[in-house]
Amino acid sequence: MSELTLERGLAAFRAEIDAPTAAFFSSCVHCGICAQSCPFYLETGDPKYTPILKLEPLRLIWENEFTLLGKLKGLLGLQRKVTDAMLAEWEELLYDSCSMCGRCSMVCPVGNDLAYMIRKSREGMVQSGHAPEGLISASVRAIKTGSPMGLQWKTLAVQIKHVEDSTGLKVPVDQVGADYLVMLSSMEVINFPEYLEAITKIFDHAGVTWTLSTQCFEATNAGIQIGNKDIAAQLVERVVAAAETLKAPNVISPECGHAFTAIRWEGPNLIGRAYPFRVFHIIEVLEELRVAGRIKTEGKEMDRLSLHDPCNLARKSGVIQQQRNLMDLVADNFVDLKEHGKYQWCCGAGGGVSSNERAEPLKMAAFKRKKAQIEEVAPERMVTMCATCRTQLEEGLEEFNMDIPVVGLTEMIADHLVEKETGS
Amino acid sequence: MSGSMEFLLWTKGPMFDIAMVIFAIGLLARLAEIFLLGRARNYAEPRAGEWPAGLRTMLTRTVADRGTFERAPFNVVVGWIWHLGFLAALLLFVPHIELAKGLFGISWPALPNPVVDFLTAITLLSLVATLVHRLNHPVKRRISTIEDYLVWTVVFMVVLTGYLAYHRMVNPYPLALGMHILSAEILLILLPFTKLTHILTAFIARWYNGAAFGRKGVQS
Ligand code: SF4
Ligand code: SF4
């Protein structure tokens, strides 16, 4: 990234304006309902966190340069311009106080897809040099080392060894022609090694051929979080190259909501072509295996469990019923949070908020929405399927002294697999 | 008296034509402005088609989801009431239908005048309520612009002058009616250049929203 300037920023904003954006801005009636869907507004009560307000720089560019009236105002010298000072002020609004959860896009009465435009605005913020430090360093690390946390294969290799020792199973690496190429997130590798062990067991149990790739194991995309298409495309190309090397027909995204939307929905558009493989979230794969009768479980969890839908998986990707079917498989006492599925509430940590240290207080404030939802249902444990959500739930619940452990759905399934009869 | 008659004839004649032309050309220009921008091609494998989901959202977004309703009941209910009242008075009032008949040659059944009268009064009250809300709610106050107040005034004037004319509360009558027609013309002229375009573009916005979510397997 050389020479980030206001000029470049404005050009990037300009390049993002498309027909949907113009239709959205043309339609806003300033009713303020979007604020009622945003955890950052609701939990702080500060009107500056109103979603439509976060889009003011993009809106001004649209009005000034893409509307008749705006151009007329320009001739008369009446335009309000986007300045460096404005963008500096908006950095907090577009990054620290938005997890790109997409909830506002579901409730705006005129149909504005606000989260779509937040994503677009971030492109302009990066080019004008107004992206948060934490996200910049994550992106630089991702490009340099392949992982936003700077994690290297050798760390993963140690973990593979642990998994192999404790399960007695082989973790396949660089297997050409395996059905599934499994991608991971660094967060998962560091915080939740149980995940790798769980899929190793489940895939062995279900007879699925799979592999990891030494060429690329990380599928989160710091470029999308910060809002830089070039970085994002590079990171996607790495996954594509790894899948092509191993001739994998299917790629499994990590148990991470953001990585899933990145690779599933944005990826092909970033590289400008369709993939030669299909992409699934692990939950979709598990559900397919369940439906096909390839997962045999025994026993159930008897305590009261509830579920946190990751925004990226549920509202933004349509994976909603699958996790509930899987819960029913292994949980006897499962109760949904009141607003769930496509209307679930964000944990507060997505969209790069958790990589942006400065945003920590806001992240915890936004979590209070989730906390209230959890309190309403009073489960003994929470279940989820995203490493970022899980970390945030754990930290948040601890912060508020709530003794509710958080578990991953995949591990829970692995715990209930029927032991294979040896020798059969 | 003759002055007011002249005024009425002017609003019904030359001014009406001017308003219609600006309205039509302005709106077409705005639609062109939107659609000519286009949309990038989407290479991600869809879960479902864009059209069914887009069309559904065009309708379903009219009703708030339950949680939003509970969090913003005033916004939702008052918004509904004044939109419905305004539409009923606009479309189901005998003289308005006669105007449509004269212009386009089509007509439809009307509501009895006392009913329209009642709905108009309700609309006026709810419009006042939206203004009070806009001036008091921290979010609305923060995001409101001069345009919001201008548009509110024009819409309110259209309904108010209609109400006054119907009740003969302004004399002479041609002046009252002329004022009503002129307010409606101002509304038509402003429509393509203000948030009033949402009467059309909201459906385009909803389609794009529904289509984007729909292809990912979510009905938005
Ligand atoms: S909910 Fe939609 S129309 Fe209302 S202020 Fe927000 S973006 Fe504008
Ligand atoms: S995407 Fe979520 S966090 Fe961002 S503005 Fe909308 S509701 Fe708020």
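In this predicted model, ligand 2 is surrounded by S37(A), C38(A), F40(A), P51(A), K54(A), C98(A), S99(A), M100(A), C101(A), G102(A) and C104(A). The site coincides with a cavity. Ligand 2 takes up the space of the largest one. Its shell is made up of seven nonpolar, three polar and one charged residues. Cysteines in this shell include C38(A), C98(A), C101(A) and C104(A). Cysteine counts as nonpolar in this classification, and glycine as polar. The charged class comprises Asp, Glu, Lys and Arg, so K54(A), listed around ligand 2, is the charged member of the shell.

Ligand 1 occupies the second largest cavity. Its surroundings comprise 13 residues. The closest are C28(A), C31(A), G32(A), C34(A) and C108(A). By class, 10 residues of this shell are nonpolar and three are polar. No charged residue is found around ligand 1, whereas the shell of ligand 2 has one.

The two chains were examined next. On the chain A side, 61 residues are in contact with chain B. On the chain B side, 52 residues take part. Residues of chain A that lose the most area to chain B are H30(A), Q36(A) and W265(A). Together these three account for 13% of what the chain A side buries. The area buried between chain A and chain B is about 4,500 Å². Carbon and sulfur atoms give 58% of that area.

Polar interactions also link the chains. Between chain A and chain B, 27 residue pairs are in polar contact, with both residues at pLDDT 80 or more. Four salt bridges are found across the interface of chain A and chain B. K338(A) forms a salt bridge with E70(B). The closest N and O atoms of K338(A) and E70(B) are 3.9 Å apart. The cut-off for a salt bridge is 4 Å, so the pair K338(A) and E70(B), at 3.9 Å, falls within it.

Conventions: Residues numbered from 1 in each chain as written. Chains lettered and ligands numbered in written order. Predicted model: local features only at pLDDT ≥ 70, side-chain atom pairs only at ≥ 80, totals over all residues. Heavy atoms only, no water. Near = heavy atom within 4 Å. 1 Å grid on protein atoms, 1.4 Å probe; cavity = no way out; pocket = protein on both sides within 12 Å on 5 of 7 lines; lining within 4 Å. Sits in = over half its atoms within 2 Å of the grid points. Contact = heavy atoms within 4.5 Å. Buried area = accessible area lost by both parts, 1.4 Å probe. Salt bridge = Lys/Arg side-chain N within 4 Å of Asp/Glu carboxyl O. Polar contact = N/O pair within 3.5 Å; in protein donor to acceptor, adjacent residues only side chain to side chain.
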